[in-house]
Amino acid sequence: MRGTTPEVEDRARALRKEMTQAETVLWRALRGQRIRGLNFRRQHPVLSFIVDFYCPARKLCIELDGGIHDTADQAAKDVARTATLEAGGYHVLRFRNEEVTSDLSTVLRRIRASLDTL
């Protein structure tokens, strides 16, 4: 992958093998160009980060947040990460794991709405 290091690529590969339940649920809905005919990638390097899901055609990054993101330290890192991605021209959507597992249709509706505006 362009602009990454072998270490980042190895970490992304490992993360694809260790997906959370919410990531697996959302991946089943996104893969195979099921949303607006667009391709999504999972655990994909973008800038210096590995984002949970990425749509290269629209520069859309989708991040799923579990309980670890409730800490003040992690919340601050998430804000900085989002700001860095947005400064690089990327769009970021964040969802709680619970949103994906309990109300996937609403999550997909929000993703489609975002794609329609990009």
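**Close-up views of a predicted protein model**

**Figure 1. Surroundings of C61 in the predicted model****.** C61 is buried, its relative accessible area being 0%. This residue belongs to strand β3. Beyond its neighbours within four places in sequence, C61 is in contact with V46, V51, F53, Y54, L85, Y90, H91, V92 and L93. For V46, one of these partners, the separation from C61 is 15 residues in sequence and 8.5 Å in space, taken from C-alpha to C-alpha. F53, also among the contacts of C61, likewise counts as buried, with 0% relative accessibility.

**Figure 2. Overview of the chain to which the close-ups belong****.** The protein chain contains five helices and four strands. Read from the N terminus, the order of the elements is α-α-β-β-β-α-β-α-α. Of the 118 residues in the protein chain, 42% are buried. When contacts between residues at least 6 apart in sequence are considered, 58% of them join residues at least 24 apart. The accessible surface of the protein chain amounts to about 6,600 Å², and carbon and sulfur atoms account for 49% of that surface.

**Figure 3. Helix α5 and its packing partners****.** Helix α5 comprises 14 residues, spanning residues 104-117. From the first C-alpha to the last, helix α5 reaches 20 Å, close to the 20 Å expected at 1.5 Å a residue. V107, L108, I111, S114 and L115 are the buried residues of α5. These residues lie on the same side of α5, because the arc that they cover around the axis is only 120°. Exposed on the other side of α5 are R109, D116 and T117. The packing partners of the buried residues of α5 include two helices, α2 (21-30) and α4 (97-102). Strands β2 (49-55), β3 (60-65) and β4 (91-96) also pack against the buried residues of α5.

**Figure 4. The salt bridge between D116 and R36****.** Seven salt bridges are found in a search of the whole structure. In one of them, the side chains of D116 and R36 meet at 2.9 Å, N to O. The pair ties together parts that are 80 residues apart in sequence, because D116 lies in helix α5 and R36 in the loop between α2 and β1 (41-46). D116 has a relative accessibility of 51% and therefore counts as exposed, the cut-off being over 50%. R36, by contrast, counts as partly exposed, with a relative accessibility of 45%.

**Figure 5. The salt bridge between D65 and R94****.** The side chains of D65 and R94 form a salt bridge with an N to O distance of 2.7 Å. Distant parts of the chain are linked by this pair, with D65 in strand β3 and R94 in strand β4, 29 residues apart. D65 is buried at 8% relative accessibility. R94 is partly exposed, its relative accessible area being 22%.

**Figure 6. The salt bridge between R96 and E98, with a note on a network of salt bridges****.** The side chains of R96 and E98 meet at 3.5 Å, N to O, in a salt bridge. R96 counts as partly exposed, with 26% relative accessibility. E98 is partly exposed as well, at 44% relative accessibility. Elsewhere, D65, D78 and R94 are joined into one network by salt bridges that share partners.

**Figure 7. The stacked aromatic pair of W27 and F53****.** Two aromatic pairs are present in the structure. One of them is formed by W27 and F53, which are stacked. The centres of their rings are 6.1 Å apart, and the angle between the planes is 15°. W27 lies in helix α2 and F53 in strand β2, so the pair ties together parts that are 26 residues apart in sequence. W27 counts as buried, with a relative accessibility of 14%. The relative accessibility of F53 is 0%, and F53 too counts as buried. F53 also appears in Figure 1 as one of the contacts of C61.

Methods. Residues numbered from 1 in each chain as written. Predicted model: local features only at pLDDT ≥ 70, side-chain atom pairs only at ≥ 80, totals over all residues. Heavy atoms only, no water. Buried < 20%, exposed > 50% of the residue type's maximum accessible area, 1.4 Å probe, protein only. Contact = heavy atoms within 4.5 Å. Areas by Shrake-Rupley, 256 points an atom, 1.4 Å probe, with all protein chains shown as cover. Expected span 1.5 Å × (residues − 1). Arc of directions from axis to C-beta. Salt bridge = Lys/Arg side-chain N within 4 Å of Asp/Glu carboxyl O. Phe/Tyr/Trp six-rings, centres within 6.5 Å; stacked < 30°, edge-to-face > 60°.
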